[in-house]
Amino acid sequence: MPLERSDGDFLLGLFSPNCSSGLAVTAVPERWSGSWEDNLALAVLADDVGVDFLLPIARFIGYGGETNFHESVLEPIPWAAGLLARTRRIHVFSTVHTAFNHPVVSAKQLATVDRIGGGRAGINIVAGWNKPEYDAFGVELPTDHDARYARAQEWFEVVRELWTTPGRFDHDGEFFALHGLEGEPKPVHGTLPILNAGSSGQGRDFAARNADFAFTVVAGPEDGADVVAAVTTAARERYRREMGVLTLGHVVCRPTHAEARDALHHYAEEGADWAAVDNLMALQGLHAQSFTPEMLATFRSRFAAGHGSVPLVGTPDEVADEIARYARAGFAGMTLAFLDYTAELPYLAQEVLPRLERLGVRRPRD
């Protein structure tokens, strides 16, 4: 079945497990390895406990500091292919930078991955923001945010044409002049679930126009409700389509509140890689619009804990109640990240997921 939003069934995914250290910018030795072996074990575990999807980050250069945060990142498309071949139900996205990947190649790769997974693949389209990576590729980062999304729009149109157009066709556009194109095989369901990770105005408009899900940073459920309303209303009124909105969180769940706070303090304060945090925040401030200047000024600890994602910290009751607040704010779902995914996911599955079912946030998974 394709991944779809459904009222009364809040989607949960795992974000960034393909990256060393996940979302935790920390030097503590128990941080996530990001190895293939650990990713495979996590995918099988997540599949068994009813997690809905996995979402990777595409990254090519680390962020420096003591740990060179994200120095080791498994490339999302082959990562997804391997995991889909070894799982049964879970959906696996591939994150693809439109500036670094040709749409004809990406369309073929993703259709192949979807065939491997029997229709469980998805794509997260990223227009790009990280200037050192552009420099590494020998590609100029457009200073105009609109220009990045104009290219991303045409990139996606080529991919969509390849997935939906029978026979051969030409594409003549501003960024791509392509002749005699042929797209086979097609994805299992005709197309893939489309996610767009962007929090700028242009990113949210791109999602409203094209995506099944916008994936966006928020400060909390209160401002998140406004974001959900704005994006879904734009999709409905401007583009005559329905879509959902996802956000991202980091989880520290323990039997007591004090234990959870102590665990968070251990890795995100005492053990934080502050040099990498500052490098990451500086790049975000200079080259991205995912975080407002006000958010960047106040989120330093949140960046150490989970790359600026929202905190889900406390007892199982507290974590379940906080997730429920995002469901009530109108989000279709959210992603979760942990200091150590395979060590911490079983406790969340045992204690938090049943609470979410009792709260009416999620339906039981078979």
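The expected span of a helix is 1.5 Å times one less than its number of residues. I keep that rule at the head of these entries, which concern a predicted model.

**Helix 7**

I checked the length of helix 7, residues 221–239, first. With 19 residues at 1.5 Å a residue the helix should span 27 Å, and its end C-alpha atoms are 25 Å apart, which agrees.

I then asked which residues of helix 7 are buried. They are Pro221, Gly224, Val227, Val228, Val231, Thr232, Ala234 and Ala235. Looking down the axis of helix 7, I found these buried residues within an arc of 150°, so they line one face of the helix. The general background is that an α-helix has 3.6 residues a turn, so residues three or four places apart point the same way. On the other side of helix 7 I noted Glu222, Asp226, Glu237 and Arg238 as exposed.

Next I looked up what covers the buried residues of helix 7. The cover includes helix 6 (201–210), strand 8 (213–215), strand 9 (244–253) and helix 12 (316–328). I also read the backbone just past the helix: Arg240 follows helix 7 and has a positive phi, near 55°.

**Strand 4**

I turned to strand 4, residues 121–126, and asked how many of its residues are buried. Six of its six residues are, so I put the strand down as mostly covered, taking buried to mean under 20% relative accessible area. Ala121, Ile123 and Ile125 point one way from strand 4, while Gly122, Asn124 and Val126 point the other way.

For the strand's partners, I found strand 3 (residues 91–97) paired with strand 4 in the parallel sense over six bridges. In this pairing Thr95 stands opposite Asn124. Strand 7 (residues 194–197) also runs parallel to strand 4, and three bridges join the two. Here Asn124 stands opposite Leu195. I followed the connection from strand 3 as well: with helix 3 (residues 103–116) and strand 4 it makes a right-handed β-α-β unit.

**Asn196**

Asn196 lies in strand 7. I asked whether Asn196 is buried or exposed. It has a relative accessible area of 0%, and is therefore buried. I listed its contacts, leaving aside neighbours within four places in sequence. Among them are Asn124 and Ile125, along with Tyr149, Gly203, Phe206, Ala207 and Phe213. I also took one distance towards helix 7: the C-alpha atoms of Asn196 and Glu237 are separated by 19 Å, with their positions 41 residues apart along the chain.

**Aromatic pairs**

I counted the ring pairs and got ten in the structure. For Trp32 and Tyr341 the ring centres are 5.0 Å apart and the planes stand at 65°, so the pair is edge-to-face. This pair links distant parts of the chain, 309 residues apart: Trp32 is in the loop between strand 1 (11–15) and helix 1 (36–49), and Tyr341 is in helix 13 (residues 341–358). Trp32 and Tyr341 are both buried.

I looked at Phe60 and Phe137 next, an edge-to-face pair with 5.0 Å centre to centre and 85° between the planes. Phe60 lies in the loop between strand 2 (53–55) and helix 2 (76–85), and Phe137 in helix 4 (residues 131–137), so the pair ties together parts that are 77 residues apart in sequence. Phe60 counts as partly exposed at 40% relative accessibility, and Phe137 counts as partly exposed at 37%.

Last, I noted a cluster in which ring pairs link Trp32, Phe338 and Tyr341.

Notes
Residues are numbered from 1 along each chain as its sequence is written. This is a predicted model: local features need pLDDT of at least 70, side-chain atom pairs count only at pLDDT 80 or more; totals for chains, interfaces and linings use all residues. Side-chain values use heavy atoms; hydrogens and water are left out. Helices (H or I, at least four residues) and strands (E, at least two) are DSSP runs, numbered from the N terminus. Buried means under 20% relative accessible area, exposed over 50%, partly exposed in between (1.4 Å probe, protein chains only). The arc is that of the directions from the helix axis to the C-beta atoms. Contact means heavy atoms within 4.5 Å. Two strands pair if DSSP finds at least two bridges between them. A crossover is right-handed if, with the strands pointing away from the viewer, the path from the first strand over the helix to the second runs clockwise. Rings of Phe, Tyr and Trp (its six-membered ring) pair if their centres lie within 6.5 Å; planes under 30 degrees apart count as stacked, over 60 as edge-to-face and the rest as tilted.
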